[in-house]
Amino acid sequence: MNNKYSPNNKSSDITEFLDGYKTMKLKDSVVERPEWQSLQRHKQSLADMNLQHLFAEDDGRFEKFSFRFNDLLYDFSKNLIDSHTLELLVDLAEATGLNDRINALFSGEPVNVTENRPALHTALRMSSGQVMVNGNNVVPEIIAIREKMRDISERLRAGLWLGSTGKPITTVVNLGVGGSDLGPRMVCQAFKHQASVNVKVLFVSSIDGNEVVDTLKKLNPETTLFIICSKSFTTVDTLANAETAKQWLIESLGNNSSLANHFIGVSGSPEKMANFGIDYERQLPVWDWVGGRYSVWSTVGLSVAISLGMNEFEKLLLGATEADKHFFETAFTKNIPVIQALVSIWYNNFHGASTQVILPYDHRLHVLPAFLQQLEMESNGKSVTLNGSEVSFNTAPIIWGEFGPNAQHAFYQLLHQGTHFVPVEFIAVADNTAVPEKHQELALANCFAQSRALMEGQPAVTNDNGCRDMPRYYPGNKPSTTILLRELTPENLGSLIAFYEHKVFVQSVIWNINPFDQWGVELGKQLAWQLQSDQLDPAFHLQPSYDDSTLGLIAFVRKVST
């Protein structure tokens, strides 16, 4: 790519954009493209590819297939690829118009075509520049709102935000779900060791009531503030918890205007926030071009700013911006998120790997697998292309994972000797002075040993009776990528997350799907609202539109709860 990172407006209406997109060599199914078919033939020719042989034949394999970005190292060398594999994958990316699509993403084109919106999570982390949406440069507004976040977070951290009885707020509870929970929760957990000592930040997301009730039992209403984080301010999970929190406050503090001191709203609906009782000066906007799973960079990150301080939150943004520049400017052959996406496509679409496991070897990152699960599966869990046709191949793999050292004693057996082909991503931190040195050495030794064990396997040995001990045998040759952070800092974590976001986008371009909508999720919400409403009807059991299973389940619940 010969781009210079300076996004500017190229906006057009949705029809013009989509028509242009269809002409970018994307009209036919990607599986019909010669580049895809070349990869299929290449896969067949590599039936006997062996990772140990690849390393034996090339002393420089690590340098050839590892890439450094600031304080991050991506080692792709233990993957079932050679230089020709990478060339063919890059050919596929170029043929599917990736360069033009990257330009469209950064410049504010309506890349979310089903909702006629841009997807400007990249603009959220900018500190200057111009990105036009409907004729307006959104960057100054983003920066202005960031200053409001600074004011709120600094007042809370300094003990200057008082509750209704005049006592300083000492606990902030973020009420959100999905992207309004996982992103900020993950970042706050990663840097829990440097969180504010004056104000504690907690998270509640579950709709079932146990989490919010258990949390409230431990808190003082006089010193507790709730952030209601919902883009639409209609998310039933979040609003149910918010109503419970509000009633808890009323029972202790009374229902008066000063109760507003205990709520902050983060939403795209100021009217709904006001109706709930949140004053305008305690509202922060979420723009409609911010997807939930891409929203930690926005006002959704207020809990991060409160816990770590606004300066640390801005370091998170800076790391993401630096990653954006790399993605925008770097040739595909050296572009980290592009290569990450292409390797995933290589396994998903050509090796038949339906899952991928994420294994962080630093407990501070133990929420990261859940965050990445939502990012990838909600984004690319699609079966219809932008042209409106059904896809004829697998899109997003199933993302799963766990904190690595614990997972070694749980499901690693399946990775090593099971029948499923599961590509692995190890994530580790090279330097962690906050823990005893022996613990850091053990974590890294186990991480590196597991990737080596997956690659080398275990040859069958002969026992005392001259028979091969087959239960101990497995052939190895299992691929993995290792991502190393020099240190875990907000800047490095920002870069890591942004690279994953761009990886997801690259995959969506090649598959010709929309990674920025989630109509299946919306359907589930609609059906839940309908069920909740209809259950109030005394004649509900006669409702002909429900299936027999749903009626039977509800009848059982009614019977045991009466």
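The following questions and answers concern a sheet and a helix pair in a predicted model. Local features need pLDDT of at least 70, and side-chain atom pairs count only at pLDDT 80 or more. Residues are numbered from 1 along each chain, and side-chain values use heavy atoms.

Student: Which strands stand at the edges of the six-stranded open sheet?
Tutor: The order is β1-β2-β13-β12-β10-β11, with mixed pairing; strands pair if DSSP finds at least two bridges between them. Two of these strands have a single partner strand each, so one side of each is left without a neighbour in the sheet: β1 and β11.

Student: Which residue in β11 stands opposite valine 357?
Tutor: Strand β10 (residues 355–360) pairs with β11 (residues 398–401) in the parallel sense over four bridges. Opposite valine 357 stands tryptophan 400.

Student: How many of the six residues of β10 are buried?
Tutor: Buried means under 20% relative accessible area (1.4 Å probe, protein chains only). Thr355, Val357 and Leu359 are buried on one side, and Gln356, Ile358 and Pro360 on the other. The count is six of six.

Student: Is α6 parallel or oblique to α20?
Tutor: The axes of α6 (residues 98–107) and α20 (residues 490–511) come within 10 Å and cross at roughly 130 degrees. Axes are lines fitted to C-alpha atoms over the stretch in contact, with angles from 0 to 180 degrees between N-to-C directions. Angles under 35 degrees count as roughly parallel, over 145 as roughly antiparallel, 65 to 115 as roughly perpendicular and the rest as oblique. The crossing angle therefore makes α6 to α20 oblique.

Methods:
Helix = DSSP H or I, 4+ residues; strand = E, 2+ residues; numbered from the N terminus. Buried < 20%, exposed > 50% of the residue type's maximum accessible area, 1.4 Å probe, protein only.
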